[in-house]
Amino acid sequence: MSKGILVVGSLNMDMSVNLEKIPTVGETVLGNDLSYRAGGKGANQACAAGLLGGEVRMLGCVGKDEFGEKQIENLKKAGVDTSYLKKSDDQPTGTAIICVDSHGDNNIVVIPGANKECDAEYLKRQRELFEWCDYVVLQMEIPYDSVLCAAMMAKEAGKTVILNPAPAPDELPEELCRNVDYLTPNETELMKLSGVTDCSVSSMKKGAMILLEKGAGCVIVTLGEKGALLVKKGEECLYPAKKVKAVDTTAAGDCFNGAFAAALAEGMKEGAALGFANAASAIAVTRKGAQESLPAREELKDYLGDVLAV
Ligand code: ADP
């Protein structure tokens with residue numbers, strides 16, 4: 001039986017508008033269309049793990065509004081247990097307003113709203129969930145103190161912590177790194193967190209070593225179409241990505257993290273779990289959108305070939 005996965009993180013409604021040109025200060029322009037999509041790194045990663053067969057519960061906070069209801073509906077469809085989510089009395093569901101111009105360049109405004117209320121006090125009231133699970137999956141779209149609190153509660157309960165340090169803060173304190181088993185930055189996040197200045201594989205290894213020195217158990221750098229690089233004391237290994245025609249890489253990293261957690265929870269060893277995560281995110285990049293691009297367990301079977309046998 002699959003082990004329990006607890007995702008602690010953000011839920012956002014992404015409002016996207018396509019327009020010819022992003023307006024400058026004082027300018028009003030007409031948009032071509034408007035779409036509403038459930039997003040937020042926490043919700044995306046929970047959906048990814050749930051769709052891939054993980055037994056997932058989520059902690060986070062939405063507003064008492066239509067967007068919050070939509071988030072909960074999407075998570076439920078992915079098989080995620082939403083009964084522990086908090087509903088804020090005062091704050092609206094977190095929202096991202098995304099303007100995409102005719103060249104595909106964008107401008108994004110994030111309003112954290114209810115995500116700010118996913119605070120340490122709320123998390124401390126959920127201690128039994130930290131006991132229930134085996135894996136805790138975190139990102140950085142909720143307050144830093146909440147991320148630290150969740151990582152510490154997980155480690156006190158003897159659980160495995162996966163932290164996707166996105167969006168990357170200016171620095172990742174040792175007190176947090178020491179409570180993380182798997183740290184999963186992408187290339188730009190690793191550059192910001194470690195100070196290395198280019199994204200050659202040798203620099204990525206150097207950057208990962210810096211984060212290992214800060215106390216992380218293992219660093220997995222996602223390298224887009226190149227795959228994922230695992231670095232831990234005495235071991236370095238590149239797991240190549242599947243070759244696909246990418247049409248939209250939104251949520252590739254979220255898919256990767258959710259899939260990695262689902263694979264570990266299913267009992268796969270690290271190497272097989274990384275193959276599984278690469279295969280799942282390769283499917284996600286061939287489709288448009290965030291949560292709508294995430295693959296289901298059955299779709300992955302044909303894709304995996306012999307990865308599951310590793
Ligand atoms: P993020 O979305 O956080 O920027 P990455 O771009 O590193 O993260 O992508 C995460 C994972 O998604 C990669 O490690 C890889 O497995 C997969 N992936 C991303 N882009 C591609 C691509 N063009 N082809 C195949 N796999 C991809």
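I started on the outer side of helix α2, where E66, K76 and K77 are exposed. A reminder to myself: this is a predicted model.

**Helix α2**

Next I checked the length of α2. The helix runs over residues 66-77, which makes 12 residues. At 1.5 Å a residue I expected a span of 16 Å, and the end C-alpha atoms turned out to be 17 Å apart, so the two agree.

Then I looked for the buried residues of α2 and found G68, Q71, I72, N74 and L75. Looking down the axis, I saw these buried residues fall within an arc of 160°, so they line one face of the helix.

What do the buried residues of α2 pack against? I listed the strands β2 (12-19), β3 (31-39), β4 (55-59), β5 (61-63) and β6 (86-88), plus the helix α1 (41-51).

Past the helix I came to G79, which follows α2 and has a positive phi, near 85°.

**The loop after β6**

I moved on to D89, in the loop between β6 and β7 (94-100). Is D89 buried or exposed? Its relative accessibility is 63%, so I put it down as exposed. Its side chain is joined to that of K64 by a polar contact of 2.3 Å. I also checked D89 against A284, 195 residues away along the chain, and got 35 Å between their C-alpha atoms.

**Cysteines**

How many disulfides does the structure hold? I counted zero. C199 is in no disulfide, and the nearest cysteine sulfur, in C237, is 20 Å away. I noted C199 as partly exposed, because its relative accessibility is 34%.

Why is C255 not bonded to C47? The sulfur of C47 is the closest cysteine sulfur to that of C255, but the separation is 11 Å, too far for a bond; a disulfide would need the sulfur atoms within 2.5 Å. With 0% relative accessibility, C255 counts as buried.

**Backbone oddments**

I looked up P167 in the loop between β10 (160-163) and α6 (174-177). The peptide bond leading into P167 from A166 is cis, and its omega is near -5°.

My last stop was A251, in the loop between β14 (235-239) and α9 (252-265). A251 is not a glycine, yet I read a positive phi of about 70° there. At 11% relative accessibility, A251 goes into my notes as buried.

Conventions. Residues are numbered from 1 along each chain as its sequence is written. This is a predicted model: local features need pLDDT of at least 70, side-chain atom pairs count only at pLDDT 80 or more; totals for chains, interfaces and linings use all residues. Side-chain values use heavy atoms; hydrogens and water are left out. Helices (H or I, at least four residues) and strands (E, at least two) are DSSP runs, numbered from the N terminus. The expected span of a helix is 1.5 Å times one less than its number of residues. Buried means under 20% relative accessible area, exposed over 50%, partly exposed in between (1.4 Å probe, protein chains only). The arc is that of the directions from the helix axis to the C-beta atoms. Contact means heavy atoms within 4.5 Å. A polar contact is a pair of N or O atoms within 3.5 Å; within protein, one must be able to donate a hydrogen and the other to accept it, and residues adjacent in sequence count only if both atoms are side-chain atoms.
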